[in-house]
Amino acid sequence: MPIPKLKTVSAPKAEFWRKGQSPKKKKIKIKHKIIVALVLLASLGLLSAFIVVAWVSRDLPNPNQLIDREIAQSTKIYDRSGEHILYEIHGEEKRTLISLDDIPENVKHATIAIEDKNFYKHGGFSVWAMFRTAITNIIYNRKAGGSTLTQQFVKNAILSSEKSYIRKIKELVLAQRIEKKFSKDEILQMYLNEIPYGSNAYGIEAASQKFFGKSVKDINLAESALLAALPQAPSRYSPYGQNVDILMGRKDYILDLMAEQGYISNAEKDAAKSYQIVFQRAETSITAPHFVMMVKDILAEKYGENEVERGGLKIYTTIDWDKQKIAEEVVKEKTENYKDKYNANNAALVAIDPKTGQVLSLVGSRDYFNDEIDGQVNVADRPRQPGSSMKPIVYAALFERGYSPNTKLYDVVTNFSTDTGAPYTPHNYNGKEYGPVSIRQALSGSLNIPAVKAIYLAGIDKVLNLTDNLGYSTLSDRSRYGLSLVLGGGEVKMMEHVNAYSAFAREGKINKLSLILKIEDKNGKVLEEYKNQESRALTTKTAQMINSILTDNDARTFIFGAKNWLILSDRTVAAKTGTTNDYKDAWTIGYTPSLVAGVWVGNTDNSKMNSGADGSVVAAPIWNEFMKRSLTGTPVESFNPWQEEESGKAAIDGSTQYAKKIIINKETRLPADSSTPEELKEEIEIFNHHSILYYVNKEDPLGPEPENPADDPQFNSWEEAIKRWAKENNQLSSEDLINNANLIKPENKPTIIIESPSEGELINKKILRVKVNASAPRGIKLIKYQLNNSALPGLGAETEIDVLLEDLEKGYQKITATACDDVGNCNNAEVNFNLVY
């Protein structure tokens, strides 16, 4: 019989048994204690919550007295001096109460569809909606609405705009009390009568009268959806602001929701979307309207619509009253005939103090109140393509890598694409090629081809790093941008673009854009005040190099002429123009150490201007006049000069011998020697036909020369383009001379015979027809003619020419014809004829 195995017991368990306990009982006791602790904590939490709710509820308004609110006070927006009111947001509310029975069903349904589709189901607030909002806000860092319609009524019509957890608790408590006190229809009626719709219109009837000029009883489905779109952000969505297109998009979204929720059919939805809504004309008692509306949006976002409309705030802005008036006058005067002359209906201007980032003047369109040009659209805050005005930013990124204004790049048409099926071959504005040019010439003359080479050498990522540092908000998606970015292939906001040039004026430093100096509440308490937020975006040296180029009128003369709109008579200014290749946008941006201003000209709807309406023609005159008038009587300031330093690398410093002058024999095309007759000597330039990639490693520009330049994917295309240009322009290199010398052989010598006239022929005409017959193993490239050793006008390789004889005396005359091939093998023939007339 097998002996059973004994079960071993661990020491801790044995100890439990000795004390009369088991491990299982011990675990049960521990769990019991945890449960008790959790219950106590939960009870404490509930008690605390009850106390907090009771405490915050002590001063809540009585639901029976909802309309008894504080008297509204006007909010005033001033210029920087505080002496001029730009705009007054009147505290006197426009409100007309209307019964729910008189409000169209479409208005009710549109409001419920967008604001609270479960309005008739919940008891004042939705726990699930608040949870969903918290997840969206915290995890995804995106704003999302979780308030019910009742909560929104409480928030916008009863409580203050304070943003805190205490106010949120008050909102929830009061919403629940209102739900108990009033029916759903009564709450909806109060909401539609009390909620702010913007422009001092409180309630749906006042909003309908304000925006459409008719009672809400008479509005259609499209207008109903539009009014329902406003309460979420009345300033942002204002029909009189710059975001009308966003408002229309939200209106269409509401129509989609109404169809999804069964309130309307798809046919009704489509008809309402296509309906053309017409607004009442906006009030005109406003200065710097685009600027004011931007400030109003900022205030509404920060302090709430209620506080802005009724809180009696005093807003001291950055606007310089005098400069604003100058800007408005100049834009209007200079563009008076632009529609007829250039097919351009709009213009914008922004001026900034580069030392502070404060906006001194802003004209967002030629006429804010002109609906034909969509005048309320603020072009200064809308993305547009900058054209060549982006080039200084790219060259600055290049200078940060060690290059200089003296660095030479070949301006020759080049295919920059590495995709054989999709070539990218940009051309200069005038279609010309200039060969080897310095960066100073390239940027001053706004040459496109060297600019594309510059962004390649700088590196697109490094350029975008710089745009981030300069404050551009529209270039964040790096996957969208390639080499064309330097020619304006990415959209920028005008305000940010102008402020980026501040970094040049401030020798590398830049401040964040600022529109507001100070905000006071109705009691004079300062709520916020301007703070300097300066940072360094560029090295001082880089900014000085850009300033050195953009102030160099001599360097730009070969393109713009000596007399242009980019200079002022009494002081040095830096300036750059820009034009998109389809003439949709024309720019000029320029600056002194204390003032930077930018001008845009074009059409609001992005349609083309006439050909030739470039930045130097349509935008520069506006910029010039604004700067001249704004700077009159102010101290003359100068830019600190760029101190040239050698990097020790010839290609970077521009000292590589791209070209040198030598004397050659015109006939042999070889270097002249002591035996060469003076009349055959010719001075020419011999080019070193290599791109900068031959000498510079793109990834380490100041390091050693690349061992194998062809490893760079752009090298071969850059080299081929240079060789093509040299050949087309008869430019010889040192290699060409060596190759040509090897081909100068007797067997390659051309043969040439003068067929007419014949030797000793009598000629009695005033015009002589000369005929030759020439051939050569390498072909004939040139035939030159002489009469009595005087050269006749060059006609290429013509074998027949007419020679005028009327000024010659009678007697024997000599005709000489010289034929040459492409490398300088030449031969000649001569004939004597007797002139007898």
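Here's a quick look at one cavity, one small sheet and one buried residue in this predicted model.

**The cavity**

Rolling a probe the size of a water molecule over the atoms shows where empty space is left. Searching the whole structure this way turns up two cavities of 30 Å³ or more. The second largest cavity holds about 70 Å³ of space. Its lining is made up of six nonpolar, two polar and three charged residues. Among the residues doing the lining are Leu 443, Phe 560, Asp 552, Arg 556 and Lys 576. Four elements each put at least two residues into that lining:

| Element | Residue range |
|---|---|
| α17 | residues 439–444 |
| α22 | residues 540–550 |
| α23 | residues 553–560 |
| β17 | residues 574–579 |

Which element gives the largest share of the lining? That's β17, with three residues.

**The sheet**

Further along the chain, three strands make an open, antiparallel sheet, ordered β23-β25-β28. β23 (751–756) and β28 (800–804) are the edge strands, each pairing on one side only. From one strand to the next, the twist averages 30°. Strand β25 (residues 767–775) is held to β28 by five bridges, with the two running antiparallel. If you want a spot to click on, try Arg 769, whose bridge partner in β28 is Asp 802.

**Asn 345**

Now for a single residue: Asn 345 sits in the loop between α15 (338–342) and β7 (346–353). Is Asn 345 buried or exposed? It counts as buried, because its relative accessibility is 17%, and the cut-off for buried is under 20%. Setting aside neighbours within four places in sequence, Asn 345 is in contact with Lys 339, Arg 366, Ile 373, Gly 602, Asn 603 and Thr 604.

Definitions and conventions. Residues are numbered from 1 along each chain as its sequence is written. This is a predicted model: local features need pLDDT of at least 70, side-chain atom pairs count only at pLDDT 80 or more; totals for chains, interfaces and linings use all residues. Side-chain values use heavy atoms; hydrogens and water are left out. Buried means under 20% relative accessible area, exposed over 50%, partly exposed in between (1.4 Å probe, protein chains only). Contact means heavy atoms within 4.5 Å. On a 1 Å grid over the protein atoms alone, a cavity is a set of points where a 1.4 Å probe fits but cannot get out, and a pocket is an open set with protein on both sides within 12 Å along at least five of seven lines; lining residues have an atom within 4 Å of a point. Grid points are joined across faces, edges and corners, and a volume is the space filled by probe spheres set on the points. Ala, Val, Leu, Ile, Met, Phe, Trp, Tyr, Cys and Pro count as nonpolar, Asp, Glu, Lys and Arg as charged, and the others, Gly among them, as polar. Two strands pair if DSSP finds at least two bridges between them. Axes are lines fitted to C-alpha atoms, for helices over the stretch in contact, and angles run from 0 to 180 degrees between N-to-C directions.
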